[in-house]
Structures are given as C-alpha cells and as structure tokens.
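Let's look at a structure together and ask why its parts get the labels they do. Have the sequence and the 3D view at hand as you read.

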Amino acid sequence: MIGNRITHRTADGVRIPGTWRHAFIRNGRYFLTDLFIYADGLIDCWGLVTIEEFEENLRTGWVATSLPEGAEASVHGLAHWKFSEPRSWQTPELLLAEVRDTIDQLNGRPDSTGRCLAAVDAFLADRTEENRAAAHAAFLAIPESQRRYALGDMDRKDWPLRVLVAGPGGQTYLSFDGTVTQKDYDGALAYFEERARWRAERAKRVPADGPVASHAPAVHVYQTFPKEPVDDPGTVGLRNDYPAPITMGEASYPSVAHAYWALSVAQPEVRGAIATAETASAARTLAAEAPRREGWEHVRTAVMTRLLRAKYDQHPELAEILLSTEDATVIYDDMESAFWGDNAGRGRNWTGRLLELVRSELHARRTEIPEL
C-alpha cells in the first residue's frame, strides 16, 4: 500500500512517480534499506532493475526475505547488530506480488484487490458457480498480507469476502473458520447488499465545496524574454518580466520583475538603477551584485503577491488572460530560480501558485463576493 510514501525520480525530464518500503539487501551482511518502486515498473534495490530482474534478485537472496540466526545486519551510519530469533513475515513470492500490486496502484490500474472485487461484483450480478470460482481464484491471488484489508473494513476485515467466495459448505483459507454454514453465507450476502447500497449513495454525493482537482488543463508559462508589449501576448503576458509597467506608491517600474529586484536590495541608491534597467534580466543582474534587504527571504512571497495584484489591477487586458485560464494549475518556468519556477518538477513553482491566488481573487470580484 502506498499511503503517504510518495516520491519520484526524473527520467529525460519526466517525473516518474514512485513509493518505497523497507527491505533487507544481502551484500555480505544484511542491510536494512528502502526499496523504491516506480510507476514505469523499475525497482531500485541498490540499482534500478526491471520486475523480472527483481524476481531474480529475490530468488538469489540479494533482496532478502529470510533472515538467518546470528547473521550480521546494519543500517548505514546508524546501527549494526546480529539477528536473534528472527521471524520474517515475507516470502519471495509474497514480496513480488506486493510489488506488482504497487506498480498497478501507481499507474491507477486495478491491483489484485481491485480485480478480486470486480470478480465479486460479477458473481453477485450472476450467481453461478463458475463466477464464484472466478471470484474465489481472484481472492486467493491477493497477497495474503493484504487480504485482511481488501474490503477496507477495520471491524470485519475480510470475513464477508472469504465466506462469500467459499460458499455454503466450503472452506476458507483460514482453518479456524471451519465449514461455511448457510447462516454465515446469508450474512455475507447481506453485508455485500448493504455495501452496494452504501457505494451507490456515496457515488451520488457532490463535495459541498466543489471538485478537488482542476477541470481545466494545466497552463505552462514557458521561459521567455519579452522586450516589447504586444497586442495579444497570450500566456507570455503572465510572465513577471513581461513589459507591463506598475506603480507602487510613488514609484513606477517597467515590470513586476523590475519592481521585485528593486525592492529586494538594501541600498536605496541602487534601487533607482534597477528600476530603470533596460530589461528585466539587466535588473536582476544589478540586484545580484548588491546586498539583499535583511530578512528578504521571509518577506519575498508577500512582496511578490502585492506586485502581482498591482499588475493585474492596473492592466485589465492581462487580467483577462489570467482569468481565461479558469481553474488550471499554472506551471511557471524560471531558469534563474527553483523557488519561483517549476523547472521540470525540480522547483517550488511559487510564481505559479501566486498567479492562481490572484486569479481566484479576480474571480471573486466578478462574482461580487463581498470583501471580508
């Protein structure tokens, strides 16, 4: 299960989502480490391998699931010890099945649990022994370590599921269940009928505060170096270095970038030179040669927010471009800053986030929501 263990690697500029779990690597001694699993099917077990190569690593014991008594173990830079009465909950087959499930989950495909529940739905819609056998086989294909969680029911665990697929007179995979009685089976049927009603009602629910994700496709504001304003700049007009003069107090600046860099420096005499620099790039170069204001890193996001508000208040035509992006995620490139730019997923994209904030404020005005 992925849970909150989310990571990624970058391949050819593309983010490959992934997750991780603990595992032992046997390289002389046994090393407790993280096994990284990625959506493209590669697994990092001290080197990226395919799922077939990972299976071979399990077979040879490079990825260890059995831990011998007295063997030396280590966590790099933290501790080392010897195993005493070790008990492992894993087998090579079980770990391989769990990793395959994880790859399915990372790709948004049904994993073994999803396939089992689909087979159960097929059986409940047409209760033939053939369909029950298919559901039973799909249930047993779930890694045993995951079967208890297949229904997401912390009270009953998988009891209704294992009884349903076994059928009256059948045996579940747990010996202590005994033979499934008709009463047990009827109880499992009732459980799934209630579950179906609950799922149908839940599917009809609409989030009170609207959708979680954007409905509009993401907008990518690519790195450009605009020098002159144009009649229809498109998303280039959303760039901070686009020549759209703004006035802040008694000072005027040729662009948001000019204003940002001028306000960032500690020396008042340098600010004028930055504010009148020929290009935004030149303004940045001048600012880079001067000392920052004390504590600038703590206020820069608030300053940028005010500058963006001023830009779109003072240039309604650019505000229309920003509003036309609807609720899209704004991905902003800034080759000079991993703080302000997304930069192929390696940056924090704060400019994109603030553009979305200002856009939301513009929408709020359009809908005449009173200011708080």
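Q: Why is Glu326 called partly exposed?

A: This is a predicted model, and in it Glu326 has a relative accessible area of 41%. Buried would need under 20% and exposed over 50%, so with 41% Glu326 counts as partly exposed. You can find Glu326 in the loop between helix 12 and strand 12.

Q: What makes the phi of Glu326 worth pointing out?

A: Its phi is positive, about 55 degrees, although Glu326 is not a glycine.

Q: Which other residue has a positive phi without being glycine, and where is it found?

A: Trp46 has a phi near 65 degrees, and Trp46 is a residue other than glycine. Look for Trp46 in the loop between strand 4 (43-44) and strand 5 (48-49).

Q: How do you know whether Trp46 is buried, partly exposed or exposed?

A: Trp46 has 35% relative accessibility. The cut-offs are under 20% for buried and over 50% for exposed, so Trp46 at 35% counts as partly exposed.

Q: What makes Thr305 buried?

A: The relative accessible area of Thr305 is 9%. Because buried means under 20%, Thr305 with its 9% earns that label. Thr305 sits in helix 11, and it touches Leu354 and Leu357, leaving aside residues up to four places away in sequence.

Q: How far apart are the C-alpha atoms of Thr305 and Phe54?

A: They are separated by 49 Å, and the two residues lie 251 residues apart along the chain.

Q: Which residues have the most contacts inside the largest nonpolar core, and how many residues does that core have?

A: The core has 40 residues, and Leu308 and Tyr312 have the most contacts inside it. Among the elements that each supply at least two residues are strand 9 (219-221), helix 8 (256-264), helix 11 (296-314) and helix 13 (350-366). Helix 11 gives the most, with six residues. Not counting residues up to four places away in sequence, Leu308 touches Asn240, Val256, Leu354, Leu355 and Val358. There is also a second, separate core of 22 residues, including Ala135, Ala138, Leu151 and Leu164.

Q: Why do nonpolar side chains gather like this?

A: In soluble globular proteins, nonpolar side chains tend to be buried together.

Q: What makes helix 4 oblique to helix 6?

A: Helix 4 (residues 129-140) and helix 6 (residues 159-166) pack at an angle of about 140 degrees, with their axes 8 Å apart. Roughly antiparallel needs an angle over 145 degrees, and roughly perpendicular runs from 65 to 115. An angle of about 140 degrees fits neither, so helix 4 is oblique to helix 6. Their crossing is left-handed.

Q: Which residues of helix 4 and helix 6 meet?

A: Arg132, Ala135, His136 and Phe139 in helix 4 meet Leu161, Arg162, Leu164, Val165 and Ala166 in helix 6. By class, the residues of this contact are six nonpolar, one polar and two charged.

Q: How do you know what to call the arrangement of helix 3 and helix 4?

A: Helix 3 (residues 112-125) packs with helix 4 at an angle of about 165 degrees, their axes 8 Å apart. Angles over 145 degrees count as roughly antiparallel, so helix 3 and helix 4 are roughly antiparallel to each other. Helix 3, too, passes helix 4 in a left-handed crossing. Among the helix 3 residues in this contact are Cys116, Ala119 and Phe123, while Ala134, Ala135 and Ala138 are among those from helix 4. The contact has nine nonpolar, two polar and two charged residues.

Note on methods: Residues are numbered from 1 along each chain as its sequence is written. This is a predicted model: local features need pLDDT of at least 70, side-chain atom pairs count only at pLDDT 80 or more; totals for chains, interfaces and linings use all residues. Side-chain values use heavy atoms; hydrogens and water are left out. A nonpolar core is a set of buried Ala, Val, Leu, Ile, Met, Phe, Trp, Tyr and Cys residues joined through side-chain atoms within 4.5 Å. Buried means under 20% relative accessible area, exposed over 50%, partly exposed in between (1.4 Å probe, protein chains only). Helices (H or I, at least four residues) and strands (E, at least two) are DSSP runs, numbered from the N terminus. Contact means heavy atoms within 4.5 Å. Axes are lines fitted to C-alpha atoms, for helices over the stretch in contact, and angles run from 0 to 180 degrees between N-to-C directions. Angles under 35 degrees count as roughly parallel, over 145 as roughly antiparallel, 65 to 115 as roughly perpendicular and the rest as oblique. A crossing is left-handed if the near helix is turned anticlockwise from the far one by less than a right angle, and right-handed if clockwise. Ala, Val, Leu, Ile, Met, Phe, Trp, Tyr, Cys and Pro count as nonpolar, Asp, Glu, Lys and Arg as charged, and the others, Gly among them, as polar.
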